[in-house]
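Me: I have a complex open on my screen and would like to learn how to read it step by step. Could you walk me through it, beginning with confidence?

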Amino acid sequence: MALKQTRQLFLTPLLIALILQVTSSCATLSKEQLKSIETFSTACDNFSLYPSLLFTEIADVRLERGKFYAASLNDAQNRIDELNALHKAHEQDLLLAAKYDASLKILQSYSNALNLLVSDNRSKTRGTEFRSLGRTLDSLIIEVNTLKIFTDALPTGIAKSAATIVAYGAENLLKVKQHRLTRAFVSEADTLIQVLVTSLVQTLQDPKVAVMIENEKSALPANYKSFLLSRENTPVDPQFDNQYLELLDRCEQFTYSRGYTTSAAKRLAKTHRELALSLKKGKNIGELIAQLSKLIADIEMLQKQYNKIISLT
Amino acid sequence: MTKIDNVHSKELVEIQKLLEKAEKSRFATGLTPDQKLELEKASMVLRKREKELITLINKEIAEDIKKEGTQLKNLSKEMREKSTQMGKNTKNATQVKKAIQLINHLISSLELD
């Protein structure tokens, strides 16, 4: 313990001196670069709300069409058993969306960290906030790795970098140093973003997701038919027809939602790569701004798509 | 149309076909109340299997990512190579990265003690 303290006592000033020396020749970020980081951060935060909604939406439509089938059963006990089974199955279905959400929280934390780094409002609390975000990001990555959604563990180096930055005195950093750290932070995060987005896209493009979508498309009319046949001698309220049409429309939106989410996710990764290159290599900012515009357009499409679905429910 | 090459996915398609037949029988004319009840139960068995298959496929969707590990590893390797290539051209950025890696390494070794 004493040895550890002694080593820390000697090593800490050495490390601070080392990092300041090796970073001393880096240029500060331009206004356009800072604005690009802010724009990316907002886009990243907005995007993270959507991917799991596809799985939630499929689960919700499945529950609704199941109610049509349950209502077609004559025996009271059979109907209760079916409704109980539906409830249980819906909970299971939502687990996939929850697993997806866990990994998307990383994007939200990363977005918060970026905002903090490029913020003009420098204060003594920034170091504390940034350290806290580093820890949050670290715990989220560990949580996702524990869930074993992806084969390859997500890299945790980014959170360590955040902690390291604070470790040598983020509270007292000048804007120039803050910009250098932003550059290093974005660069470190690129691998994490690429691995995460690749995994998200692979899940969305899994042929089994297509099978699930097709199953809902064919099961909905079948379940509604059973409901209508069970009421052959009784007039059916037109509100059920409207409910059926609404569900049919939601089923048709699955494929579009899947496509828009995939495009936006790919664009997010591509834009982050451009951002990292722009900060690292001083690459032409025009290319980055063009990518950012496309990313915003993709996310707006995604927002419109889900607003359309919300208006149907 | 997606090619269905998964056992559970294929069974799900088959179950839908069987359910269609079962529902046709359940609502056929001239059935006794007992026959109706039996057919209702048979239909529910198929529905139960449909739900089980959906749960299994949901689990497989999450697990399938594991099988694509090689692809992910190749991607990470490619990214590392690109990063190294970039580092050759941008001395300062590499220095920052190296410094952070070095500090991370040293802090990790301290934490291990």
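Reply: Happy to. This is a predicted model, and a good habit is to see how confidence varies from element to element. In chain B, α1(B) has the highest mean pLDDT of its elements, 91, while helix α4 (residues 91-112) of chain B has the lowest, 45.

Me: What is the mean pLDDT of chain B as a whole?

Reply: Chain B averages 69, and 51% of its residues reach 70 or more. Two low stretches are worth marking. Over residues 75-80 of chain B the pLDDT stays under 50, and the model has seven contacts there beyond four places in sequence. Residues 82-96 of chain B are also below 50, with 19 contacts in the model beyond near neighbours in sequence.

Me: And what is the mean for chain A?

Reply: The mean pLDDT of chain A is 80, with 73% of its residues at 70 or more. Chain A has its own low stretches: residues 16-25 stay under 50 and have 13 contacts beyond four places in sequence, and residues 168-173 stay under 50 with twelve such contacts. For the complex, the predictor gives an ipTM of 0.71 and a pTM of 0.72.

Me: Next, the fold. How many helices and strands are there in chain A?

Reply: Listing the elements gives a quick overview. Chain A has ten helices and zero strands. Chain B has four helices and, again, zero strands.

Me: Which share of the contacts in each chain comes from residues 24 or more positions apart?

Reply: Here one looks at contacts with a separation of 6 or more. In chain A, 85% of them join residues 24 or more positions apart; in chain B the figure is 58%. Burial can be read alongside: 42% of the 313 residues in chain A are buried, and 20% of the 113 residues of chain B count as buried.

Me: Where do I find the largest nonpolar core, and which residues have the most contacts inside it?

Reply: Look for buried nonpolar residues that join up. The largest such core has 36 residues, and those with the most contacts inside it include Cys44(A), Phe47(A), Tyr110(A) and Leu275(A). Helices α2 (31-47), α4 (76-118), α7 (175-204), α9 (238-281) and α10 (285-312) of chain A each supply at least two of its residues. The most come from α7(A), with eleven. To see one member's surroundings, pick Leu275(A): beyond four places in sequence, Leu275(A) touches Ser36(A), Ile37(A), Phe40(A), Val186(A) and Leu288(A). There is also a second, separate core of 33 residues, and among its members are Leu54(A), Phe227(A), Leu12(B) and Ala22(B).

Me: How do I check a helix span, say for α9(A)?

Reply: Compare the expected span with the distance between the end C-alpha atoms. At 1.5 Å a residue, the 44 residues of α9(A) should span 64 Å, and the ends are 63 Å apart, so the two agree. Still, look along the helix too: α9(A) bends by about 30 degrees at Phe254(A). Just after α9(A), Gly282(A) takes a positive phi of about 65 degrees.

Me: Where does α8(A) bend?

Reply: The bend, about 25 degrees, is at Ala219(A), and a proline, Pro221(A), follows within four residues. Helix α8 (residues 207-230) of chain A reaches 35 Å over its 24 residues, close to the expected 34 Å.

Me: What covers the buried residues of α10(A)?

Reply: For a helix, list the buried residues and then ask what packs over them. In α10(A) they include Leu288(A), Leu295(A), Ile299(A) and Leu302(A), along with the polar Gln291(A) and Asp298(A). The cover includes α2, α3 (51-71) and α9 of chain A.

Me: Last one: why does Thr39(A) count as partly exposed?

Reply: Count the C-beta neighbours. A residue needs 20 or more within 10 Å to be buried, and 12 or fewer to be exposed. Thr39(A) has 18 inside 10 Å, so Thr39(A) is partly exposed. This residue sits in helix α2 of chain A, and its C-alpha is 7.5 Å from that of Leu292(A), 253 residues away along the chain. Try Ser25(B) in helix α1 (residues 7-26) of chain B: with 14 neighbours inside 10 Å, Ser25(B) is therefore partly exposed as well.

Notes:
Residues are numbered from 1 along each chain as its sequence is written. Chains are lettered from A and ligands numbered from 1 in the order in which they are written. This is a predicted model: local features need pLDDT of at least 70, side-chain atom pairs count only at pLDDT 80 or more; totals for chains, interfaces and linings use all residues. A nonpolar core is a set of buried Ala, Val, Leu, Ile, Met, Phe, Trp, Tyr and Cys residues joined through C-beta atoms within 7 Å. Two residues are in contact if their C-beta atoms, placed from the backbone, lie within 7 Å. The expected span of a helix is 1.5 Å times one less than its number of residues. The bend at a residue is the angle between axes fitted to the seven residues ending there and the seven starting there. pLDDT is the predictor's confidence in each residue, from 0 to 100.
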